[in-house]
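This report describes selected features of one protein model. It covers salt bridges, strand pairing and the surroundings of individual residues.

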Amino acid sequence: MPIEEAVRILREIPGFAPPAAGEVRNKGFAHYDSELSISLDFDSGGVVRAIELFRPEGDVRVTFRGLSLFEEPADVVIARLSEMFRLEIEDEGLNVTAPDVFIGLWRRVTPEDSGGEEGRYFESVLIAAPGYGA
């Protein structure tokens, strides 16, 4: 999809928060009242090749095959996804990818590193077109 069309669609999603006066956002970045943020990555021809969603605070569910990627603890997400797909787990669980379906999950720390609740949930999910990152 061309980036211009994708940006138009992002602006039409309910809860879209336009940039504040003087605020500069990267092309393809949208923020919402729920604290959900969406960032589009596009190639030199202006075609979207990946979409990254950042963990919302409000009433928004991001699901994949019935699995809530931000509401379920990261360990549950990893276990459920591993039942469906081959996973690559890097940096002791900070980065988890399902390369066969072009999905990547990320968190800054694990609960073991933080000594508490921080890192218990993923902070972002990336959905990409085949060949992304190659």
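## Salt bridges

A salt bridge is here a side-chain nitrogen of Lys or Arg within 4 Å of a carboxyl oxygen of Asp or Glu. The model is predicted, and a search of the whole structure yields eight salt bridges.

One of the eight joins Arg8 to Glu12, with the closest N and O atoms 3.1 Å apart. Both residues belong to helix α1 (residues 3–12), where they are four residues apart, about one turn of the helix. Arg8 is partly exposed at 41% relative accessibility, whereas Glu12 is exposed, because its relative accessible area of 53% falls over the 50% limit.

## A network and a distant pair

Arg86, Glu88 and Asp100 are linked in a network of salt bridges. Within this network, the side chains of Arg86 and Glu88 meet at 3.0 Å, N to O. Arg86 is partly exposed, with 43% relative accessibility, and Glu88 is likewise partly exposed, with a relative accessible area of 33%.

A further salt bridge, at 2.6 Å from N to O, connects the side chains of Arg108 and Glu123. This pair links distant parts of the chain, 15 residues apart: Arg108 is in the loop between β8 (103–106) and α3 (111–114), and Glu123 is in the loop between α3 and β9. Glu123 counts as buried because its relative accessible area is 17%, and buried means under 20%.

## Strand pairing

Strand β2 (residues 37–42) runs antiparallel to strand β3 (residues 48–54), and six bridges join them. The two strands form a hairpin with five residues between them, and Gly46 in the turn has a positive phi of about 85°.

Strand β3 also pairs with strand β9 (residues 124–128) in the antiparallel sense, over five bridges. Ile51 of β3 is the bridge partner of Leu40, and the bridge partner of Ile51 in β9 is Ile127.

## Surroundings of His31 and Asn95

His31 lies in strand β1 (residues 29–31). The side chain of His31 makes a polar contact of 2.6 Å with the side chain of Ser37. Beyond four places in sequence, the contacts of His31 include Gly15, Phe16, Arg25 and Leu36.

Asn95 is located in strand β7 (residues 95–98) and is partly exposed, at 22% relative accessible area. A polar contact of 2.9 Å joins the side chains of Asn95 and Asp91. Outside the four places on either side in sequence, Asn95 is in contact with residues including Glu88, Leu105 and Trp106. The C-alpha atoms of Asn95 and Trp106 are separated by 4.8 Å, although the two residues are 11 residues apart along the chain.

Key. Residues numbered from 1 in each chain as written. Predicted model: local features only at pLDDT ≥ 70, side-chain atom pairs only at ≥ 80, totals over all residues. Heavy atoms only, no water. Buried < 20%, exposed > 50% of the residue type's maximum accessible area, 1.4 Å probe, protein only. Contact = heavy atoms within 4.5 Å. Polar contact = N/O pair within 3.5 Å; in protein donor to acceptor, adjacent residues only side chain to side chain. Pairing = 2+ DSSP bridges.
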